[in-house]
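User: I should like to go through the assignments in this structure and hear the reasoning behind each of them. Please set each value against its criterion.

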Amino acid sequence: QGAALGGWLTVPSSVSAEIMAHAGFDWVCVDMQHGLIDYAQMVQMLQGISSAETVPLVRVPRNEPGIIGKSLDAGAWGIIVPMVNSQEDAEAAVAACRYAPLGIRSYGPLRANYSAGFDYFDRANREVACIVMVETRVAVDHVEEIVSVPGVDAVYVGPADLSVTL
């Protein structure tokens with residue numbers, strides 16, 4: 001398949017999100033961790049991204065089921081989870097991205113039903129990407145356990161925090 005190329009959004013603008021989505025990237029990430037974007041702005045940005053074939057991702061501020069679920073309900077097709085330092089952290093991230101029996105995600109895909117279709121629930125556990133960030137010395141020490149967790153679809157190496165901890 002080759003590498004998937006993406007863009008990164010840190011400024012809250014649905015117009016910028018729409019432009020990036022039409023720029024030819026495979027995916028575009030709305031950054032709620034370090035960007036200036038709040039939840040309501042993220043929803044508008046996901047609406048802009050959905051005007052193209054580009055996969056919408058959201059980097060959430062933390063490994064917490066509530067914001068992960070809300071981001072997926074809003075129409076993200078993948079979640080980037082920061083500061084995953086252990087197998088337990090990775091398991092928690094996967095669980096937050098998956099409906100029962102594979103996880104703990106609460107059902108309420110308000111916008112996802114409209115942007116992805118009313119068969120969203122039937123597809124979500126297979127198609128939503130759970131991407132964990134390895135960005136500390138501790139995470140590097142546990143990377144084998146982290147990547148072995150079923151449901152971890154990709155690993156994002158966070159160079160800034162990793163350089164601080166190394």
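**Pocket, salt bridges and burial**

Analyst: In this predicted model, the lining of the largest pocket draws at least two residues from each of helix 2 (39–49), strand 3 (55–59) and helix 5. The volume of this pocket is about 180 Å³.

User: Which residues line the largest pocket, and what makes two of the lining residues count as charged?

Analyst: The lining consists of Leu-46, Ile-49, Ser-50, Ala-52, Glu-53, Thr-54, Val-55, Pro-56, Gly-75, Trp-77, Arg-111 and Ser-115. Asp, Glu, Lys and Arg count as charged, so Glu-53 and Arg-111 fall into that class. The lining also has six nonpolar and four polar residues.

User: Why is the pair Asp-73 and Arg-105 called a salt bridge?

Analyst: The closest N and O atoms of Asp-73 and Arg-105 are 2.8 Å apart. The criterion is a distance within 4 Å, so the pair qualifies as a salt bridge. Asp-73 lies in helix 3 (residues 65–73) and Arg-105 in the loop between helix 4 (87–97) and helix 5 (110–116), so the pair ties together parts that are 32 residues apart in sequence. A search of the whole structure finds five salt bridges.

User: How do you know whether Asp-73 and Arg-105 are buried or exposed?

Analyst: Buried means under 20% relative accessible area. Asp-73 has 15% relative accessibility and therefore counts as buried. Arg-105, with a relative accessible area of 6%, is buried as well.

User: What makes Asp-153 and Arg-98 a salt bridge, and where do the two residues lie?

Analyst: Their closest N and O atoms are 2.9 Å apart, which is within 4 Å, so the pair meets the criterion. Asp-153 belongs to the loop between helix 8 (143–147) and strand 6 (154–157), and Arg-98 to the loop between helix 4 and helix 5, so the salt bridge ties together parts that are 55 residues apart in sequence.

User: Why is Asp-153 called partly exposed, and how is Arg-98 classed?

Analyst: The relative accessible area of Asp-153 is 47%. Partly exposed is the range between under 20% and over 50%, so Asp-153 belongs there. Arg-98 has 5% relative accessibility and counts as buried.

User: How do you know that Arg-123 and Glu-127 form a salt bridge, and where do they lie?

Analyst: The closest N and O atoms of Arg-123 and Glu-127 are 3.2 Å apart; the limit is 4 Å, so this pair is a salt bridge. Both residues lie in helix 6 (residues 120–127), four residues apart, about one turn of the helix. Salt bridges that share partners join Asp-119, Arg-123 and Glu-127 into one network.

User: What are the accessibility classes of Arg-123 and Glu-127?

Analyst: At 16% relative accessibility, Arg-123 is under the 20% cut-off and is therefore buried. Glu-127, at 38%, counts as partly exposed. Leaving aside neighbours within four places in sequence, Arg-123 is in contact with Trp-77 and Ala-116. Trp-77 is also one of the residues that line the largest pocket.

User: What makes strand 3 and strand 4 a pair?

Analyst: Three bridges join strand 3 to strand 4. Pairing requires at least two, so these strands pair, and they run parallel. One of the bridge partnerships links Arg-59 with Ile-80 in strand 4.

User: Why are both faces of strand 4 said to be covered?

Analyst: Gly-78 and Ile-80 on one side of strand 4 (residues 78–81) are buried, as are Ile-79 and Val-81 on the other.

Definitions and conventions: Residues numbered from 1 in each chain as written. Predicted model: local features only at pLDDT ≥ 70, side-chain atom pairs only at ≥ 80, totals over all residues. Heavy atoms only, no water. Salt bridge = Lys/Arg side-chain N within 4 Å of Asp/Glu carboxyl O. Buried < 20%, exposed > 50% of the residue type's maximum accessible area, 1.4 Å probe, protein only. 1 Å grid on protein atoms, 1.4 Å probe; cavity = no way out; pocket = protein on both sides within 12 Å on 5 of 7 lines; lining within 4 Å. Points joined across faces, edges and corners; volume = space filled by probe spheres on them. Contact = heavy atoms within 4.5 Å.
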